[in-house]
Amino acid sequence: MGSVYVFNHPLIQHKMTYIRDKNTGTKEFRELVNEVSTLMAYEITRDMPVKEVTVETPVAKAQCKVLAGKKLGLVPILRAGLGMVEGILKLIPAAKVGHIGLYRDPETLEPVHYYAKMPSDIGERELIVIDPMLATGGSASEAIRALKKMGAKNIKLMCLIAAAPGIDRIKKDHDDVDIYVAAVDETLNEKSYIVPGLGDAGDRLFGTK
């Protein structure tokens, strides 16, 4: 059964306050999302396996640890997910990046799949699906479904803000996927925006309306 991890680190919560603030401009918003993504990546990789190696320091031999096990892959959901990738790559520069394009039909509110480009070895990688907002959960669920169909076996979902309905949807559709978020909000409005949320993450990242 997948778990939900809410990061309550003071630095993450401090920066999330300004990310939510409607008066935060595009440049600062983008920088804050980048910074929070780096901090979240630090937390999300806490359980990565390590192995011992021997290195020569200037003084003597030392037993040290390096990462072992599965390689990582990042899969931002276009377009808003792109705003979180750079912050993660600061910590994990060797991760490969795939992209998946989905948009929500304005009438049915269901996700429509329009693009996918993945590393050829996604079945061997631990994938982190990235989307700033988990509202109804439809887009994230469809992205995860598509990745599984392509051969992915180990998937995590990383969001800035999740609403309770979106979490419930992922748990129902993909009970093997852990969810990592910086904040959980309870409700959605009539347009399926998270309340209080932060507005449209893509528009705020890229300066569009």
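Okay, let's start with a term: a crossing of two helices is right-handed if the near helix is turned clockwise from the far one by less than a right angle, and left-handed if it is turned anticlockwise. Keep that in mind, and keep in mind too that what we have up on the screen is a predicted model.

So, which hand does the crossing of H2 and H3 have? It's right-handed. Helix H2 covers residues 26–44, and helix H3 covers residues 82–91. Their axes are 7 Å apart, and the two helices pack at an angle of about 45°. That makes H2 oblique to H3, because an angle of 45° is neither under 35 degrees nor in the 65 to 115 range that counts as roughly perpendicular. If you want to click on the contact, the H2 side is Val33, Asn34, Ser37, Thr38, Ala41 and Tyr42. From H3 you get Gly83, Met84, Glu86, Gly87, Ile88, Lys90 and Leu91.

Now turn to the other partner of H2. H1, residues 10–20, passes H2 in a left-handed crossing. Here the axes are 10 Å apart and the packing angle is about 155°. Anything over 145 counts as roughly antiparallel, so that's what H1 and H2 are to each other. H1 brings Leu11, Ile12, Lys15, Met16, Tyr18 and Ile19 to this contact. H2 answers with Phe29, Leu32, Val33, Glu35, Val36, Leu39 and Met40. Notice Val33 of H2: it's in the contact with H1, and it's in the contact with H3 as well.

Next up, aromatics. How many aromatic pairs does a search of the whole structure find? Two. In one of them, the rings of Tyr5 and Tyr180 have centres 4.8 Å apart and planes at 15°, so we call that pair stacked, the cut-off being under 30 degrees. Tyr5 is in strand E1, residues 4–6, and Tyr180 is in strand E11, residues 178–185, so this pair ties together parts that sit 175 residues apart in sequence. Are the two partners buried or exposed? Tyr5 is partly exposed, at 37% relative accessible area, while Tyr180 comes in at 5% and counts as buried.

Then there's Phe7 with Tyr180, and that pair is tilted: 6.0 Å from centre to centre, with 35° between the planes. Phe7 is in the loop between E1 and H1, and 173 residues separate it from Tyr180. Both Phe7 and Tyr180 are buried. Put the pairs together and you have a cluster of Tyr5, Phe7 and Tyr180.

Over to helix H4, residues 138–149. Does the length add up, you might wonder; well, with 12 residues at 1.5 Å each, H4 should span 16 Å, and its end C-alpha atoms are 16 Å apart, which agrees. Its buried residues are Gly138, Ala140, Ser141, Glu142, Ala143, Ile144, Ala146 and Leu147. Just after H4, Gly151 has a positive phi of about 115°.

Last stop, Val55, which is in strand E2, residues 50–56. Val55 is partly exposed, with 36% relative accessible area. Leaving out residues up to four places away in sequence, Val55 touches Ala60, Lys61, Ala62 and Cys64. From Val55 to Lys65 is 10 residues along the sequence and 9.7 Å in space, C-alpha to C-alpha.

Technical notes: Residues are numbered from 1 along each chain as its sequence is written. This is a predicted model: local features need pLDDT of at least 70, side-chain atom pairs count only at pLDDT 80 or more; totals for chains, interfaces and linings use all residues. Side-chain values use heavy atoms; hydrogens and water are left out. Helices (H or I, at least four residues) and strands (E, at least two) are DSSP runs, numbered from the N terminus. The expected span of a helix is 1.5 Å times one less than its number of residues. Buried means under 20% relative accessible area, exposed over 50%, partly exposed in between (1.4 Å probe, protein chains only). Rings of Phe, Tyr and Trp (its six-membered ring) pair if their centres lie within 6.5 Å; planes under 30 degrees apart count as stacked, over 60 as edge-to-face and the rest as tilted. Axes are lines fitted to C-alpha atoms, for helices over the stretch in contact, and angles run from 0 to 180 degrees between N-to-C directions. Contact means heavy atoms within 4.5 Å.
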